[in-house]
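The following exercises concern the structure displayed below. Each task is followed by a solution that proceeds step by step.

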Amino acid sequence: MTSAPIPIPSRTQFVLDAIKHRILTGQLTPGQALVETELAAQYGVSKTPVREALKTLAGTGLVVMSQYKGVTVRMVDADMAREVYDVRLLLEPEALRRTVGRGACLDAARDALTRADAATDTAERSLANREFHRALYLPCGNPLLGRMLDEVRDQAALVSAVAWAADPSWQREAAEHREILRLALDGDADGAARALHAHIASFVQRAFPPDTEATEDAEHPHGAVPHAEKGHR
C-alpha cells in the first residue's frame with residue numbers, strides 16, 4: 001500500500017514558492033548565494049522553513065548545496081542546457097501528439113498564450129510561456145509522462161531565463177507558439193508535434209550553439225586540424 005505524500009508546512013511552501021519565483025524570473029541569478037539568515041529575515045520566518053525550502057529546490061535541480069560554498073542558484077552551461085532540452089525533445093512532442101489525438105481541451109494553452117502576449121515584463125511573460133507548454137502536455141492521458149515533464153520544467157525555465165537575459169527572442173517564440181497551437185486546434189497531431197520539436201530544438205541551438213572547436217576535435221581525433229587553423233586557443 002502506497003503512503004500518502006507528506007504535505008509541506010505552509011511557511012515552508014510560502015518560502016519555496018517565493019524563492020522559486022525569483023529564480024525562474026531571473027531576480028536571483030545563477031551562482032548567486034542563498035543565505036538562510038538573510039532569506040529568513042526577508043520573508044519573516046525562522047531558518048527552519050528556509051532550510052527545508054532550499055532542500056526541496058536542490059532536489060528539483062534549481063539550487064546547489066555545497067559544504068564549502070553553501071547554497072547557490074544552479075549555474076547554467078551548455079551541457080546542462082542540452083541535457084534538459086534533450087529530455088524535452090524526447091518526451092514533450094509525443095505528449096502533445098497524444099493530447100491532440102485524444103481531443104483534449106486546449107483552452108488553458110490558449111489562455112496562457114494570450115497572457116504571454118499581453119505581458120508587461122519578462123517575468124510575467126516567462127511564467128505564461130511555461131504554463132503554455134504545460135497546458136499542451138498535461139492532458140496527454142498519461143499522468144506519469146506529465147509528471148516526468150514537470151520534473152524538468154523548472155530546470156528548463158532556468159535555462160530559458162539565462163538565455164533570454166542574454167538574447168531576448170520573445171517575438172519569434174511567440175509566433176512559433178501560435179503555430180503550434182493552431183496545428184493542435186486543427187487536430188493535426190503529427191504536425192503539432194513536429195512544430196513543437198522544431199521549436200524546442202531551435203531554441204537550445206540558438207542559445208547554446210555547438211562548440212566549433214569541440215566539433216573539429218571530434219571530426220579529427222588524431223589532430224588532423226592544425227593548431228594554427230584553430231587560432232591557438
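**Exercise 1. Identify the helix that contributes most to the lining of the largest cavity, and describe that cavity.**

Step 1. Helix H7 supplies the largest share of the lining of the largest cavity, namely seven residues. Helices here are DSSP runs of H or I with at least four residues, strands are runs of E with at least two, and both are numbered from the N terminus.

Step 2. The conventions must be stated. The model is predicted, so that local features need pLDDT of at least 70 and side-chain atom pairs count only at pLDDT 80 or more, while totals for chains, interfaces and linings use all residues. Residues are numbered from 1 along each chain as its sequence is written, and side-chain values use heavy atoms, with hydrogens and water left out.

Step 3. A cavity is a set of points, on a 1 Å grid over the protein atoms alone, where a 1.4 Å probe fits but cannot get out; a pocket is an open set with protein on both sides within 12 Å along at least five of seven lines; lining residues have an atom within 4 Å of a point. Grid points are joined across faces, edges and corners, and a volume is the space filled by probe spheres set on the points.

Step 4. A search of the whole structure yields one cavity of 30 Å³ or more. The volume of the largest cavity is about 270 Å³.

Step 5. Its lining consists of 19 residues, and Tyr85, Arg88, His133, Ala156 and Ser160 lie nearest the centre. At least two lining residues come from each of H4 (78–101), H6 (122–137), H7 (143–166), H8 (170–185) and H9 (189–207).

Step 6. Sorted by class, the lining has nine nonpolar, five polar and five charged residues. In this scheme Ala, Val, Leu, Ile, Met, Phe, Trp, Tyr, Cys and Pro are nonpolar, Asp, Glu, Lys and Arg are charged, and the others, Gly among them, are polar.

**Exercise 2. Describe the second largest pocket in the same manner.**

Step 1. The space in the second largest pocket amounts to about 160 Å³.

Step 2. Its lining is formed by Leu16, Lys20, Thr56, Leu57, Thr60, Asp150, Glu151, Arg153 and Asp154. These divide into two nonpolar, two polar and five charged residues.

Step 3. H1 (10–24), H3 (47–59) and H7 each give at least two residues to this lining. The largest share, four residues, again belongs to H7.

**Exercise 3. Outline the fold and its nonpolar cores.**

Step 1. The protein contains 11 helices and two strands. From the N terminus on, the order of elements is α-α-α-β-β-α-α-α-α-α-α-α-α.

Step 2. Of the 233 residues, 42% are buried. Buried means under 20% relative accessible area, exposed means over 50%, and partly exposed lies in between (1.4 Å probe, protein chains only).

Step 3. A nonpolar core is a set of buried Ala, Val, Leu, Ile, Met, Phe, Trp, Tyr and Cys residues joined through side-chain atoms within 4.5 Å. The largest core has 55 residues, and Ile19, Ile23, Leu34, Leu54, Tyr85 and Leu158 have the most contacts inside it. H9 provides the largest share of this core, eight residues. A second, separate core of six residues includes Leu91, Cys140, Leu145 and Leu149.

**Exercise 4. Classify Gln155, Leu138 and Ala192 as buried, partly exposed or exposed, and list their contacts.**

Step 1. A contact requires heavy atoms within 4.5 Å. The lists below do not count residues up to four places away in sequence.

Step 2. Gln155 is in helix H7. Because its relative accessibility is 14%, Gln155 counts as buried. Gln155 touches Thr60, Gly61, Leu62, Arg74, Met80 and Val84.

Step 3. Leu138 belongs to the loop between H6 and H7. Its relative accessible area is 41%, and therefore Leu138 is partly exposed. Leu138 touches Gly146 and Asp150.

Step 4. Ala192 is part of helix H9. Ala192 counts as buried because its relative accessibility is 0%. Its contacts are Leu96, Ile180, Leu183 and Ala184. The C-alpha atoms of Ala192 and Arg97 are 7.0 Å apart, although 95 residues separate the two along the chain.
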